[in-house]
Amino acid sequence: MEPEEPDIVSKALAKNRLGVPSVVFFGVAGAAPLTVIIGSITTIYAIIGSTAVPIAYLVTAGLLSLFTVGFVAMSRHIVNTGAFYSYISHGLGRIIGVGAAFVALPAYSLMQIGLFGLFGSVASGILAAFGFAVPWYACAIAAWFAVAILGLLWVDLSGKVLAVLLVLEIAVVLIYDLVMIGNPADGQITFSQFSPAPLATPVIGILMVLAIAGFVGFEATVVLSEEAKDPKRTIARATHIAVILAGVLCAVSAWAMSVNTGPDQIAARAAEHQTDLVFQLVGPHLPGFLIDLGYVLFLTSVFAALLAFHAAVSRYQFALGREGVLPAAWGRTHPRTGAPLLGSITQSVLAIIVLSIYALVGSDPLVFVFAWLTTIGGLGVLILMWAASAAVLAFFMRNKRGESAWKAYVAPATAFLLLTVVLAATCIGFGELLQVSGDSPFQWLIPALYLGVAMIGFVWALIMRAARPEVYAAIGRGTEGRVSVAPDSASMLRAMHADPVGARSGSGYPY
């Protein structure tokens, strides 16, 4: 008798829903350029006091572009909504892949929940300007409700919402940049901010870390690979565009601010006005409605990022449920919309619980919800990127699969080395990113917790390999694999999976 071959996919995501523009919108929405420009860049100027912010964003965009070369090359061979988890499973083995999945879930979840704090705070401030006293928590719940509903609907509907918001957002950013550049301090435009000299100073470490945090979310493009039209071409194009677009917008905007104030005054002005800096700089030169529109689009920029991260974390849960790492219920989709059902609901429930706790405690939503949670989540995503760059290199070292040496070896190896330096600097100075005292346990606790959850994932993978070898064999295979399980083949599977780590399986990647 022929061995039985059950399909590992219980339900599938909606197919052929997203073209290149929609996927780009998800990637850029995750990076939230207006949020980064108004919030992060002004904060970096105020805290670091360096004029090297524009060149730092360009260098960071270059680093992530190097990472993207190998990342999207691998996407042409593996189409899986599990993204980092799937790629690491193929490149470094299933055990490390499950550990990566256990890092990805809290990282993306915290990124999304943290953004609710920023949304609630900004929305409350806007309403207060119109004479309505609404607490941040009530505003955050309104955004939570909208995201929870959109997360269960057709993914292309979310793409259309993001498209409208991001086109308006980018248009306002460009208008503000032109106004700031057109009104330079002392009537002279300077390009000294792009000098590479400051990159040789100790400040570059923290600058790079903070700049990379502004790009987190661009990898959401690969999470949508199973729902894209012609994913092996769409995802590659969309990911490159998302990185370049976010990098150019942030670098040009950081430069425009310093042109308007003068490089020697940007730090002082940023410390004085903080997130109002851009509006203070363009206010004298634009009609009031464009300033008001900027505040509203700042709010919708945060909402767009909320939607993008919700899509990412729910699809990670779907991929893990489909492949048996999580209970099978997480591997099912909505029967009409094709959206990840339980993954979306789980993230919504977790978000409302965390937000309610913060509201009851009375914590500052900007510091302890937004800044802390997104910084902690950003560290997890950086760990995933670092491991994924190693996985890409290992994947192509076994078989180049027709890719050029640049895509298969040179770019991934260079990205891995550079990301190693950035990750080390981040872990060493993590307490400074959270702005805690030198004796605070948060100096080392968060990196240690990520190591702990990764270890739990490793142990869980070993348990699966011993107790459920047929499920273990499906890890990372997504929609493109079947697992042959004959009634008498359990011993054969156990023998295969007992090979040393790094041994090649029939599917072409290590166990």
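In the predicted model, the largest nonpolar core comprises 138 residues, among which Ile41, Tyr57, Phe67, Phe84, Tyr108, Tyr176 and Met257 touch the most other members. The element that gives the most to this core is helix 5 (residues 94–129), with 18 residues. One of the highly connected members, Met257, was examined for its individual contacts. Leaving aside residues up to four places away in sequence, Met257 touches Ile37, Ile41, Thr42 and Tyr45, together with Met180, Ile266, Leu277, Val278 and Leu281. Ile41, a contact of Met257, is itself listed with the core residues that touch the most other members.

At the level of the whole protein, the secondary structure consists of 20 helices and 0 strands. Of the 511 residues, 55% count as buried. Among contacts with a separation of 6 or more, 81% are between residues 24 or more positions apart. The accessible surface of the protein amounts to about 19,700 Å², and carbon and sulfur atoms account for 69% of that area.

Helix 13 covers residues 288–322 and contains 35 residues. At 1.5 Å a residue, a span of 51 Å is expected, and the end C-alpha atoms of helix 13 are 51 Å apart, which agrees. Of the 35 residues in helix 13, 29 are buried, so this helix is largely enclosed by the rest of the structure. Gly324, which follows helix 13, has a positive phi near 90 degrees.

The second largest pocket holds about 330 Å³ of space. Its lining is made up of 19 residues, and those nearest the pocket centre are Val103, Ile383, Trp386, Ala387 and Ala454. At least two lining residues of the second largest pocket come from each of helix 4, helix 5, helix 15 (365–398), helix 16 (405–428) and helix 18 (445–467). Helix 5 therefore appears both in the lining of this pocket and as the element giving the most residues to the largest nonpolar core.

Arg76 is located in the loop between helix 3 (53–75) and helix 4 (84–92). With a relative accessible area of 22%, Arg76 is partly exposed, because the limit for a buried residue is under 20%. Arg76 and Glu403 are 327 residues apart along the chain, and their C-alpha atoms are separated by 10.0 Å.

How values were computed: Residues are numbered from 1 along each chain as its sequence is written. This is a predicted model: local features need pLDDT of at least 70, side-chain atom pairs count only at pLDDT 80 or more; totals for chains, interfaces and linings use all residues. Side-chain values use heavy atoms; hydrogens and water are left out. Helices (H or I, at least four residues) and strands (E, at least two) are DSSP runs, numbered from the N terminus. The expected span of a helix is 1.5 Å times one less than its number of residues. Buried means under 20% relative accessible area, exposed over 50%, partly exposed in between (1.4 Å probe, protein chains only). Contact means heavy atoms within 4.5 Å. Accessible areas come from the Shrake-Rupley method with a 1.4 Å probe; for residues, only the protein chains shown count as cover. A nonpolar core is a set of buried Ala, Val, Leu, Ile, Met, Phe, Trp, Tyr and Cys residues joined through side-chain atoms within 4.5 Å. On a 1 Å grid over the protein atoms alone, a cavity is a set of points where a 1.4 Å probe fits but cannot get out, and a pocket is an open set with protein on both sides within 12 Å along at least five of seven lines; lining residues have an atom within 4 Å of a point. Grid points are joined across faces, edges and corners, and a volume is the space filled by probe spheres set on the points.
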